[in-house]
Amino acid sequence: MNWLPTVIKACYFIAALLFILGLKRMSSPRTARGGIVWAGYGMLLAVLATFFLPDMHNRGLIVAAVLIGVSAAWWTGRRVAMTAMPQMVALYNGMGGGAAAAIGAVELIGYARGLGMLHAVPDTSPLRPEAWAVNALPPALSPVELTLGVLGALIGAVSFSGSLVAFAKLQGWMDRRFVFAGQRAVNMLLLAAAVVTGFMLVLGQASLPLILVFFALALLFGLMMTLPIGGADMPVVISLYNAFTGLAVSFEGFVLGNEAMIIAGMVVGAAGTLLTQLMAKAMNRSIGNVLFGSFGAAGGEAQAITGAQKPIDGADAAVMMAYAERVVIVPGYGLAVAQAQHKVWEFAQLLIKRGVKVKFAIHPVAGRMPGHMNVLLAEAGVPYDLIADMDDINPEFATTDVALVIGANDVVNPLAKTDPASPIYGMPILDVSNAKQVIVIKRGRGTGFAGIENALFYADNTRMLYGDGQAAVGELVTALKDVDG
C-alpha cells in the first residue's frame with residue numbers, strides 16, 4: 001500500500017487547515033462555537049490517520065488511553081462549574097505539556113538504548129525500553145532532532161508542573177503567593193542545571209540516571225517558577241503555559257516527523273504567545289515582571305484615600321437605573337463566584353424593555369483566565385453586540401448615566417492612573433469613575449487580588465450595594481419589576 005503514507009499526510013494537511021480555520025473562527029464570539037467544532041474535527045481526523053501509520057505499535061493500549069481520556073474529559077467538562085473553568089483550562093493545558101514531556105522521555109530512552117547506555121536496566125523493569133515501544137521511533141536521531149527533543153521535553157515538563165501549581169492556586173488548595181529570600185537565584189540555578197543536563201544529553205551522555213535528573217530539574221523549575229506568582233497574574237500565566245505547551249508539542253512533532261503535531265503545536269504556541277503579550281500589555285507589565293516581579297509590592301508611599309464608602313439599598317439602585325438613559329454593566333470575578341451572570345442578564349433585559357441602552361464592559365484580564373467574563377456572559381445568553389472591549393467602551397463612560405460594577409476591583413481602580421506608588425500604576429483600566437453615577441455590588445469591604453484599596457469605592461459618585469452578587473442582583477430585579485408594575 002504505497003499510497004497509504006500519502007493519504008495519511010493528506011489527512012494531516014486537512015487537519016492542520018481545520019486547526020487554523022477553527023482558531024480563526026474563535027477570534028469572534030459569534031463564530032467561536034463553530035471554530036471549536038472545526039478544530040475538534042481536525043483533531044479527530046489526525047488521530048484516526050495516526051492509527052494507520054505503518055510502524056504504529058500498541059494500538060490496543062492507545063485506543064484504551066483515548067477512551068479513558070475522552071470519557072474523563074466529557075465527564076469533567078459537563079460537570080465543571082463556570083467558576084472552575086480557569087483551573088480546568090490550566091489543568092488540561094498542563095496535561096498537554098506533560099504529554100509532550102512524556103514523548104520526549106521515550107525519545108531519550110530510545111536514544112540512550114541506541115548508545116548502549118541502558119544495559120543496566122533489568123529485563124523485568126517497567127523502564128525496559130522495549131516496554132515503551134521505542135522501536136517505533138527512528139533508529140537514530142540527528143543532532144537537530146535530538147536538540148529539539150530535549151528542548152520539547154524541558155518546556156513540556158515546565159508547563160506540566162507549572163500548570164499544576166496554577167490549578168492548585170485557582171482551586172484554592174494553595175496560597176496565592178509563596179516567596180522566600182533568594183528565590184530568583186534558586187530558580188535561575190534550577191534552570192541552569194536543567195539546561196546543562198539537557199546539553200549533556202545532546203552530547204551523547206544519555207544514561208538513565210541523567211535522564212531522570214533532567215526531568216526532575218525541569219519539573220522542579222516549573223513548580224518554583226509558578227509558586228511566587230499571585231492570583232492576579234493567573235490570566236497571563238495560563239496563556240504563557242499554553243504557549244509553552246504548543247511549542248513543546250511542535251518540537252516533539254518534528255522529532256517524530258509528524259506534520260499534524262508540528263503545525264498544531266506551532267499554531268497553539270503562536271496564539272498563546274500573542275495572547276500572553278496582550279494580557280501583559282493589559283496590565284502594563286512585561287512578561288518577565290509577571291514571572292519574576294513582586295506584584296503587590298509598591299515602591300513608595302501610596303496615596304491616602306479620603307472619604308467613606310456610601311451604601312445604597314437595592315430598591316434605590318434599581319430606580320436610579322430604571323430612569324437612566326445609558327447603563328454600562330462591568331462584570332468581574334465576583335460575578336463568577338456568585339454565579340450571577342443569568343440574573344444580571346435578566347436585569348439587563350428588564351432595563352432594555354424600558355428603553356434603557358445597556359452595554360457590558362469587559363477588561364482583558366477580568367477573571368482568572370483570558371476571556372473569562374466573555375464565557376460567562378455567553379453562557380447566560382448575552383448578545384455579542386452588547387459586549388464591548390475596554391478600548392471601545394472607555395470613551396463612552398463620560399456619557400453613561402449609571403455604571404454597575406459587579407465583583408470587579410483592580411480593573412476599575414482609578415489609582416492605576418493617579419498613584420505612581422500603586423502596584424497597579426500604569427495598568428489600563430475601565431474608566432468607570434467617569435460615569436455620572438456608579439453602583440458597586442461587593443460582598444464586603446475587602447481588597448482585590450492586588451491587595452490594595454480601590455479609590456473608586458470612596459468617590460463622591462459611587463454607591464456600594466453590599467451582598468452576594470446573585471442575591472444583590474436578584475434584589476435589583478425584584479425592585480425593577482415593582483417599578484414597572
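## From S2 across to S3

Phe360 sits opposite Ile387, its bridge partner in S3. That pairing belongs to a set of 3 bridges that join S2 to strand S3 (residues 387–389), with the two running parallel. To get from S2 to S3, the chain goes by way of helix H14 (residues 372–380), and the resulting β-α-β crossover is right-handed. Keep in mind that this is a predicted model.

## The sheet as a whole

Zooming out, S2 and S3 belong to an open sheet of 6 strands, laid out in the order S3-S2-S1-S4-S5-S6 with parallel pairing. S3 and strand S6 (462–466) are the edge strands, each pairing on one side only. From one strand to the next, the twist averages 25°.

Helices cover parts of this sheet. Helix H11 (residues 314–322) packs on it and touches S1, S4, S5 and S6, with a direction about 140° from that of S5. Then there's helix H13 (residues 341–353), which lies across S1, S2 and S4 and runs at about 145° to S2.

## S1 and its two neighbours

S1 has a partner on each side in the strand order. With S2 (residues 357–362), strand S1 (residues 326–331) pairs in the parallel sense over 4 bridges. Here Arg326 stands opposite Lys357, while Val328 has Lys359 as its bridge partner. With strand S4 (residues 402–406), S1 makes 5 bridges, again in the parallel sense. Pro331 faces Ile406 in that pairing.

How much of S1 is buried? The count is 6 of its 6 residues. In a regular strand, side chains alternate between the two faces of the sheet. For S1, one side carries Arg326, Val328 and Val330, the other Val327, Ile329 and Pro331, and every one of these is buried.

## Two nonpolar cores

The largest nonpolar core counts 78 residues, and the ones with the most contacts inside it are Phe215, Val330, Phe397, Val412, Leu430 and Val432. Helix H5 (residues 143–171) supplies the largest share of this core, at 12 residues. A second core, separate from that one, has 42 residues, among them Val327, Leu350, Ile387 and Ala472. So nonpolar side chains tending to be buried together is what you'd expect in soluble globular proteins.

Put the cores next to the strand picture and S1 shows up in both. Val330, on one side of S1, is in the largest core. Val327, on the other side, is in the second core, along with Ile387, the bridge partner of Phe360.

Leu430 is a good residue to click on. Apart from neighbours within four places in sequence, Leu430 is in contact with Val330, Ala361, Ile362, His363, Met390, Ile393, Asn394, Phe397, Val411 and Val412.

## Around Pro428

Where does Pro428 lie? Look in the loop between helix H16 (415–418) and strand S5 (437–442). Because its relative accessible area is 29%, Pro428 counts as partly exposed rather than buried, which would take a value under 20%.

Leaving out residues up to four places away in sequence, Pro428 touches Lys281, Ala282, Met283, Asn284, His363 and Met390. His363 and Met390 also appear among the contacts of Leu430. Pro428 and Val411 are 17 residues apart along the chain, and their C-alpha atoms are separated by 7.8 Å.

Technical notes. Residues are numbered from 1 along each chain as its sequence is written. This is a predicted model: local features need pLDDT of at least 70, side-chain atom pairs count only at pLDDT 80 or more; totals for chains, interfaces and linings use all residues. Side-chain values use heavy atoms; hydrogens and water are left out. Two strands pair if DSSP finds at least two bridges between them. A crossover is right-handed if, with the strands pointing away from the viewer, the path from the first strand over the helix to the second runs clockwise. A nonpolar core is a set of buried Ala, Val, Leu, Ile, Met, Phe, Trp, Tyr and Cys residues joined through side-chain atoms within 4.5 Å. Buried means under 20% relative accessible area, exposed over 50%, partly exposed in between (1.4 Å probe, protein chains only). Contact means heavy atoms within 4.5 Å. Axes are lines fitted to C-alpha atoms, for helices over the stretch in contact, and angles run from 0 to 180 degrees between N-to-C directions.
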